[in-house]
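I set out to record, entry by entry, what I looked up in this structure. The notes are meant for a reader who has not met it before.

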Amino acid sequence: SSDLSSCSAPNPAHALLPYRLASLSPAMMRIMALLLASAAPAAAVTWVRSANGASCEVACAARSGCSEEAWPKTEEEFQAIAAAAGQTCDTTQEGGAKYDPSTDGHHCGWGGPDQVEEGESRCAATGDSGTYRFCPCNSDKEL
């Protein structure tokens, strides 16, 4: 016969978890969703803001290079990226330039081009001297 007296009872706080989540405000739920999304595998990169006119290859050179697979796919993803890089955008538009996501310091563009030519690197793209890129670097530590 087995001795069940050594088994611990379920934690009653766990039963309240669905209630606790349901009681959060919609704004808090969005924040939690962004935090969880930023913890996804795509968050393995570290987002940095480049120097003016610099490519992401240059910005990420000391951080194990630039990741071509990590570009934001939605404005919400971009907003989390900009915030992580310390940027507040006065306005945000889809953009569409090869050097997006980027900012001039006030206005931001998040979506890159619909198509990239085979062999072409978005990491290598540059804007003019007033453009700062948001760059997905492969490491959070400078080499």
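The entries below take up the disulfides, the sheet, a pocket and a few single residues.

**Entry 1. The model and its disulfides**

I note at the outset that the model is predicted. I began with the cysteines and asked how many disulfides a search of the whole structure finds. The search returned 4 disulfides. I then wrote down the pairing, with the bonded cysteines of the protein chain numbered in sequence order: 1-7, 2-8, 3-6, 4-5.

**Entry 2. C56 and C135**

I looked up the link between C56 and C135 and found a distance of 2.1 Å from S to S. The angle about the S-S bond is -80°, and the link of C56 and C135 is left-handed. This pair links distant parts of the chain, for C56 belongs to helix α4 (residues 56–59) and C135 to strand β5 (residues 132–137), 79 residues apart. I next asked whether C56 is buried or exposed. C56 counts as buried because its relative accessibility is 0%, under the cut-off of 20%. C135 also has 0% relative accessibility and therefore counts as buried.

**Entry 3. C60 and C137**

I turned to the disulfide that joins C60 to C137, where the S to S distance is 2.1 Å. This link is left-handed, with -75° about the S-S bond. I asked why the pair of C60 and C137 ties together parts that are 77 residues apart in sequence. The reason is that C60 lies in the loop between α4 and α5 (75–84), whereas C137 lies in strand β5. I recorded both C60 and C137 as buried.

**Entry 4. C89 and C108**

I found a further disulfide between C89 and C108, with the sulfur atoms 2.0 Å apart. The link of C89 and C108 is left-handed, at -85° about the S-S bond. C89 sits in the loop between α5 and β2 (91–95) and C108 in strand β4 (residues 107–111); the pair links distant parts of the chain, 19 residues apart. C89 counts as buried because its relative accessibility is 16%. C108 has a relative accessibility of 3% and so counts as buried.

**Entry 5. The sheet**

I asked in what order the 5 strands form the open sheet. The order is β1-β5-β3-β4-β2, and the pairing is mixed. The edge strands are β1 (46–49) and β2, each of which pairs on one side only. I followed one pairing in detail: strand β3 (residues 102–103) and β4 pair in the antiparallel sense, over 2 bridges. S102 has G109 as its bridge partner in β4. I also looked for what lies across the strands, and noted that α5 lies across β1, β2, β4 and β5, running at about 130° to β4.

**Entry 6. The second largest pocket**

I looked at the second largest pocket, which holds about 170 Å³ of space. Its lining is made by 13 residues, and the closest to its centre are Q93, S102, H107, C108 and G109. Two of these names had come up together before, since S102 and G109 are bridge partners. I asked which strand gives the most to the lining of this pocket. It is β2, with 4 residues. At least two residues of the lining come from each of β2, β3 and β4.

**Entry 7. W47**

I located W47 in strand β1. W47 counts as buried because its relative accessibility is 14%. I listed the contacts of W47, leaving aside its neighbours within four places in sequence: A70, W71, P72, I81, A85, P101, F134, C135 and P136. One of these is C135, the cysteine that a disulfide joins to C56. I also recorded that W47 and A80 are 33 residues apart in sequence and 10.0 Å apart in space, C-alpha to C-alpha.

**Entry 8. Two backbone details**

I returned to P101, one of the contacts of W47, and placed it in the loop between β2 and β3. A cis peptide bond joins D100 and P101, with omega at about 10°.

I closed with S64, which is found in the loop between α4 and α5. S64 has a positive phi of about 65°, although it is not a glycine. I asked how S64 counts at 42% relative accessibility. It counts as partly exposed, because the value falls between the cut-offs of 20% and 50%.

Notes
Residues numbered from 1 in each chain as written. Predicted model: local features only at pLDDT ≥ 70, side-chain atom pairs only at ≥ 80, totals over all residues. Heavy atoms only, no water. Disulfide = S-S within 2.5 Å. Buried < 20%, exposed > 50% of the residue type's maximum accessible area, 1.4 Å probe, protein only. Pairing = 2+ DSSP bridges. Contact = heavy atoms within 4.5 Å. Axes fitted to C-alpha atoms, helices over the stretch in contact; angles between N-to-C directions. 1 Å grid on protein atoms, 1.4 Å probe; cavity = no way out; pocket = protein on both sides within 12 Å on 5 of 7 lines; lining within 4 Å. Points joined across faces, edges and corners; volume = space filled by probe spheres on them.
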